[in-house]
Amino acid sequence: MANPTRTGRLAVLRQLLQEARYTSQGELIDALGEHGIVVSQPTLSKDLLELGAVRQRAVGGALVYAAALEEGEDAVLEKLARLCAELLQSIRHAGTQILIKTPPGAAQYFASYLDQACLHGVLGTIAGDDTLLVIATDDEAAESTVGQISEMTRTGRPAEREQL
């Protein structure tokens, strides 16, 4: 399997940090390798910094890498807006269903921030490799959500507060 995009690699790394605790970057490199991702230590260090990963004491006293603590609402919306501008390739909707296309390996990472943003009228997301299905509460909410995401894609900034 070819190495995924940087965004795909970050998504796998985030998932690994949420599922288990790793005491060294070597362990993380090995775990990424089990997912078919070859990464150097300097690249892994940059990825950990990008994700905001922290080292914390586990039960027993060992220092382990852990996923970043939950971000505040404003930080999540800023990140979602940036991801919209960087990753969104297309967006379409029919009824309450919104289909979003991203580069390969990016849909789950994108969906994670979309879920965290708790946009009004969004019930949830289902993500594959490069496709994301967003389910809205009704047709009007779907149209509003498409508008918000489209605005964030154009501007790279969160949509106006009254829209959220």
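**View 1. Ala141, with a relative accessibility of 11%, is a buried residue of helix H6 (residues 139-155).** Buried means under 20% relative accessible area, exposed over 50% and partly exposed in between (1.4 Å probe, protein chains only). The model is predicted: local features need pLDDT of at least 70, side-chain atom pairs count only at pLDDT 80 or more, and totals for chains, interfaces and linings use all residues. Residues are numbered from 1 along each chain as its sequence is written, and side-chain values use heavy atoms, with hydrogens and water left out. Helices (H or I, at least four residues) and strands (E, at least two) are DSSP runs numbered from the N terminus. When neighbours within four places in sequence are set aside, Ala141 is in contact (heavy atoms within 4.5 Å) with Gly121 and Ala136. The C-alpha atoms of Ala141 and Leu119 are separated by 9.6 Å, the two residues being 22 apart along the chain.

**View 2. Val122 in strand E5 and its contacts.** Val122 is in contact with Val134, Ile135, Ala136 and Thr145, leaving aside its neighbours within four places in sequence. Ile100 is 22 residues from Val122 along the chain, and their C-alpha atoms are separated by 14 Å.

**View 3. Cys118 in the loop between H5 and strand E5 (122-127).** Cys118 follows just after H5. What is the phi of Cys118, which is not a glycine? Phi here is positive, at about 50°. With 64% relative accessibility, Cys118 counts as exposed.

**View 4. The aromatic pair of Tyr109 and Tyr113 in helix H5 (residues 107-117).** The structure holds 1 aromatic pair. Its rings, those of Tyr109 and Tyr113, are edge-to-face, with 5.7 Å centre to centre and 75° between the planes. By the criterion used, rings of Phe, Tyr and Trp (its six-membered ring) pair if their centres lie within 6.5 Å, and planes under 30 degrees apart count as stacked, over 60 as edge-to-face and the rest as tilted. Why are Tyr109 and Tyr113 separated by about one helical turn? They are so separated because they are 4 residues apart in helix H5. An α-helix has 3.6 residues a turn, so residues three or four places apart point the same way. Tyr109 is buried, with a relative accessible area of 3%, and Tyr113 is also buried, at 2% relative accessibility. The buried residues of H5 include, besides these two, Ala107, Phe110, Ala111, Leu114 and Ala117. The C-alpha atoms of Tyr113 and Leu83, which are 30 residues apart along the chain, are separated by 8.5 Å.

**View 5. Basic side chains over tyrosine rings: Lys79 over Tyr113 and Arg55 over Tyr65.** A charge sits over a ring if NZ of Lys or CZ of Arg is within 6 Å of the ring centre and within 35 degrees of the ring normal. Lys79 lies over the face of Tyr113 at 5.8 Å from the ring centre. For Arg55, over the face of Tyr65, the distance from the ring centre is 4.7 Å.

**View 6. Arg14 of helix H1 (residues 6-19) and its surroundings.** Arg14 counts as buried, with 12% relative accessibility. Outside its neighbours within four places in sequence, Arg14 is in contact with Leu51, Tyr109 and Tyr113. Both members of the aromatic pair are thus named among these contacts: Tyr109 and Tyr113.

**View 7. The packing of H1 with H3 at an angle of about 70°.** The axes of H1 and H3 are 10 Å apart; axes are lines fitted to C-alpha atoms, for helices over the stretch in contact, and angles run from 0 to 180 degrees between N-to-C directions. H1 is therefore roughly perpendicular to H3, where angles under 35 degrees count as roughly parallel, over 145 as roughly antiparallel, 65 to 115 as roughly perpendicular and the rest as oblique. H1 contributes Arg6, Arg9, Leu10, Leu13, Arg14 and Leu17 to the contact, and H3 contributes Thr43, Leu44, Asp47, Leu48, Glu50 and Leu51. These residues divide into 6 nonpolar, 1 polar and 5 charged; Ala, Val, Leu, Ile, Met, Phe, Trp, Tyr, Cys and Pro count as nonpolar, Asp, Glu, Lys and Arg as charged, and the others, Gly among them, as polar.

**View 8. The crossing of helix H2 (residues 25-34) and helix H3 (residues 41-51) at roughly 95°.** The two axes come within 10 Å, and H2 is roughly perpendicular to H3. Gln25, Leu28, Ile29 and Leu32 of H2 meet Gln41, Leu44, Ser45 and Leu48 of H3. Which classes make up the contact of H2 with H3? There are 5 nonpolar and 3 polar residues, and no charged residues.
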